[in-house]
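Okay, thanks for coming, everyone. I'll put the structure up and then walk through a few local features.

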Amino acid sequence: MTNNNHCKFLVNSLSFHQLNVRFCTTLQLGEIISTYQEKNAKELAQKITDLRCTINENLNQGIIPEGCKNCIYKNNEEIYNDKIQRIDLYYWYHCNCGCFYCSYRDETKGEFSDREKEGNPLIYNTLKELYNLNQIDKDHLIVCFGGGELGVLKEFPKLIDLFMKNNVEHVICESSGIKYSKAVEKLLKNKKGTITVAVCAGSRETYKKIKNRDKYNQVMKNLKNYVKAASSNKTDPYNALNVVSKYIILKGFNDNIPEVENWLLESKKYGLKHVEISMEFCWGIHTKSGQKIEDYNYEIFEYVEKRCKELQLELRKNTTSMALMEQGVY
């Protein structure tokens with residue numbers, strides 16, 4: 001299936017968000033499939049299947065969805081099959097952390113709790129149906145969890161079991177790290193997942209100011225245990241790199257070298273081998289559109305790169321941040 005009108009984000013991906021199901025996982029325009037009005041999972045899975053077929057037929061005839069025509073992420077890489085190879089699960093708001101910069105604060109009104117809640121049981125059953133309909137590529141599926149906190153998503157362990165049963169290639173998890181997840185531990189032990197925790201601090205005091213929770217020590221202990229779980233897989237000495245501590249630079253809170261240094265030293269102390277540095281681009285793009293990227297972002301990125309080499313830490317620079325810094329404006 002080679003055609004210049006094809007885009008892997010449209011053809012090979014499926015995205016479950018809070019308000020709708022989309023084909024595209026780039027968080028851009030995409031094509032909306034459903035707003036969850038279907039009566040049951042079979043109905044939704046069949047609708048997804050039918051619309052995927054229609055989209056692909058249209059692409060073969062050179063017909064591009066209206067919302068995709070000006071997409072900056074449009075990708076014309078050669079497509080070898082039209083099965084689903086990436087699924088994003090960002091469909092719930094509930095979280096156990098109160099980050100002041102969270103893009104969902106308007107929806108949650110800043111509320112958070114440790115209580116488990118169901119997200120949307122329809123989605124688990126729809127995924128089962130999509131497997132039954134042979135819509136999902138069992139050999140090359142990447143799954144991304146985001147949205148609210150996976151540790152308080154009641155069906156999260158069941159979802160992980162479903163994906164692992166069907167030979168998922170890799171599951172990418174974003175987590176607060178406050179609640180230790182046995183399901184994530186299972187992924188790590190089996191070389192099937194990555195967990196990234198946005199710690200954003202090198203001290204308990206700074207963490208509490210940013211997250212509105214006094215859970216720094218607990219988070220660091222959980223990260224240490226995730227590293228231990230990943231390291232238990234003796235067939236891959238690099239598997240521990242799948243546990244990542246993330247630092248989002250937040251003006252007036254942690255935008256200084258001493259805090260960054262403490263974060264790196266603490267990461268090393270707790271056995272972490274992989275860290276990520278990022279600008280706060282979601283909030284920044286929303287509130288500072290067109291403004292110049294602040295100098296401290298460049299200084300911190302440069303400092304972190306130098307210190308990671310010295311401390312022998314693997315460094316990941318957030319790709320969206322790097323693109324914004326290269327263009328120089330939000």
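**Backbone oddities and a charged patch**

So, Gln312 is exposed, at 67% relative accessible area. Here, buried is under 20% relative accessible area, exposed is over 50%, and partly exposed is in between, with a 1.4 Å probe and protein chains only. Before I go on: this is a predicted model, where local features need pLDDT of at least 70, side-chain atom pairs count only at pLDDT 80 or more, and totals for chains, interfaces and linings use all residues. Residues are numbered from 1 along each chain as its sequence is written, and side-chain values use heavy atoms, with hydrogens and water left out.

Back to Gln312: you'll find it in the loop between helix H11 (295-311) and strand E10 (314-317). Helices (H or I, at least four residues) and strands (E, at least two) are DSSP runs, numbered from the N terminus. Gln312 isn't a glycine, yet its phi is positive, about 60°. Most residues other than glycine have a negative phi.

Where does Cys200 lie? That one is in the loop between strand E7 (193-198) and helix H7 (204-211). Cys200 also has a positive phi of about 60° without being a glycine, and it counts as buried because its relative accessibility is 0%.

Next, Thr287, which sits in helix H10 (residues 281-288) and is partly exposed, at 40% relative accessible area. Its C-alpha is 34 Å from that of Lys268, with the two positions 19 residues apart along the chain.

Last one: Lys138 is in the loop between helix H4 (121-132) and strand E5 (142-145). Lys138 is partly exposed, with 41% relative accessible area. That's it from me!
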